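Reader: I'd like to go through this one label by label. Could you show me what stands behind each term?

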Amino acid sequence: MKQKRDYYEVLGVAREASDQEIKSAYRRLAMQHHPDRNPDNQEEASERFKEITEAYSVVADPQKRAAYDRFGHAAVGGAGGGGPDFNSTIFSDFEDIFGDLFGFGDVFGRSGRGRSRSTGGIDLRYDLEISLEEAAAGLETKIKIPRWEACNTCGGTGAKPGSKPVNCLTCGGRGQLRHQQGFFTVTRTCPQCQGLGQVIREMCNHCKGEGRMNTDRVLDLRIPPGVDDGTRLRVSGVATRGSAPGDLYVILKIREHTFFERRGNDLYYTIPISISQAALGAEITVPTLRGEERLRIPESTQSGSVFRLRGLGMPTLEGRGHGDLYVTVFVVTPTRLSRDQRRWLEILAPSVRVDNHPMERRAAEKVKDVIG
Ligand SMILES: [Zn+2]
Ligand SMILES: [Zn+2]
């Protein structure tokens with residue numbers, strides 16, 4: 001199965017592109033790739049042209065664009081699943097852009113909607129935000145995905161039970177209108193039946209003639225330990241009605257932690273210590289993802305010293321070991337000194353004098369291993 005490309009990528013525009021930018025990007029690409037303009041390479045041009053036109057039919061429609069931004073390709077699947085529907089509004093929009101220069105019906109085959117029915121499944125995107133702790137421990141959760149299901153009242157036809165769709169009188173059931181214009185035969189999708197060739201006389205009350213209902217499907221999702229921001233989990237074989245099963249991509253976002261900073265599988269944070277802890281040494285309690293650990297601060301510790309707690313970082317996704325946790329200490333200078341504290345510091349001052357020369361670069365960044 002060929003994977004569908006992102007519609008914005010297909011059109012070469014940013015996700016926040018304006019309607020005008022999208023329109024001109026489409027116009028430029030469609031002119032460039034129209035099969036009539038690529039006689040030597042018609043098949044490839046035709047595929048490319050369909051792709052950009054499909055992308056445009058979604059991105060140019062505010063409602064479809066919003067749905068696509070949220071749910072990806074599946075959200076804009078057509079009546080049978082399998083592709084966006086090429087409705088008459090979009091076709092008249094194309095005619096706006098090109099006039100009657102090209103026959104769109106020919107490019108899309110017999111009918112706009114019909115052609116997409118035979119294509120493979122559609123892929124669905126789901127964005128899920130989890131905490132750093134959940135990313136470290138792994139998680140089993142349930143996610144709800146929207147999906148179209150055949151209306152069970154009319155069995156998907158959209159017609160009232162007992163009635164049947166009848167051939168469209170406007171196009172005689174062909175789904176297209178053709179007329180001669182100079183040397184060209186211009187083909188247009190029938191506006192009456194929107195290319196389906198059939199119209200519904202009496203609509204099914206349950207689905208309002210759509211033939212499908214939007215339902216939620218709940219999926220169990222297992223997130224392995226060690227996932228990172230942007231990790232993509234694929235759940236294959238998530239079917240939507242009328243199309244081959246597609247893949248569901250769950251894109252993970254790891255919520256920013258209040259103090260842990262993650263770089264790869266390693267974690268970092270800074271912890272304050274007092275001037276006396278730094279000078280005399282101390283044992284302090286530090287948080288890790290697996291609970292609290294004791295950390296021995298040796299005497300004469302400088303502000304900015306880094307301690308490495310081996311194996312206390314994130315687990316690797318491959319299940320082989322863990323990263324490390326780096327704790328940087330920050331020596332807090334006392335403020336609001338009491339009269340006594342001030343006196344003691346004044347007494348100390350002459351004996352703790354330092355050379356006020358610039359420090360060598362990186363002198364303060366030496367890492368001390370504490371837990372091996
Ligand atoms: Zn129905
Ligand atoms: Zn018709």
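Author: Sure; what follows takes a few labels on this predicted model and sets each against its cut-off.

Reader: Let's begin with the metal. What makes the arrangement around the zinc ion (ligand 2) tetrahedral?

Author: The angles do. Four donors count as tetrahedral if all angles lie between 85 and 135 degrees. Around the zinc ion (ligand 2) the four donor atoms subtend 102 to 118 degrees, so the arrangement gets that name. For comparison, the ideal angle for four tetrahedral donors is 109.5 degrees.

Reader: And how do you know which atoms are the donors of the zinc ion (ligand 2)?

Author: By distance: a donor is an N, O or S atom within 2.8 Å of the metal. The SG atoms of Cys168, Cys171, Cys190 and Cys193 sit at 2.2 to 2.3 Å, so they qualify. Their spacing in sequence reads C-x2-C-x18-C-x2-C. Cys190 and Cys193 are also buried.

Reader: Now the charged pairs. Why is the contact of Asp228 with Arg262 called a salt bridge?

Author: The limit is 4 Å between a side-chain nitrogen of Lys or Arg and a carboxyl oxygen of Asp or Glu. Asp228 and Arg262 come to 3.4 Å, N to O, so the pair passes. Asp228 lies in the loop between β7 and β8, and Arg262 in strand β10, so the pair ties together parts that are 34 residues apart in sequence.

Reader: Which of the two, Asp228 or Arg262, is buried and which partly exposed?

Author: Buried means under 20% relative accessible area, and partly exposed runs from there to 50%. Arg262, at 18%, therefore counts as buried, while Asp228, at 29%, is partly exposed.

Reader: How does Arg125 with Asp127 fare on the salt-bridge test?

Author: Their closest N and O atoms are 2.8 Å apart, so this pair counts too. Arg125 is partly exposed at 36%, and Asp127 is partly exposed at 41%. The whole structure has 13 salt bridges, and Arg5, Glu9, Arg48 and Glu51 are linked in a network of them.

Reader: What about strands: why say that β14 and β15 pair?

Author: Pairing needs at least two bridges. β14 and β15 have four, in the antiparallel sense, so they pair. Leu309, for one, has Leu325 in β15 as its bridge partner. Both faces of β14 are covered: Val306 and Arg308 on one side, Phe307 and Leu309 on the other, are all buried.

Terms used. Residues numbered from 1 in each chain as written. Chains lettered and ligands numbered in written order. Predicted model: local features only at pLDDT ≥ 70, side-chain atom pairs only at ≥ 80, totals over all residues. Heavy atoms only, no water. Buried < 20%, exposed > 50% of the residue type's maximum accessible area, 1.4 Å probe, protein only. Helix = DSSP H or I, 4+ residues; strand = E, 2+ residues; numbered from the N terminus. Donors = N, O, S within 2.8 Å, 3.2 Å for Na, K, Ca; no water. Tetrahedral: all angles 85-135°; square planar, octahedral: opposite > 155°, others 65-115°.
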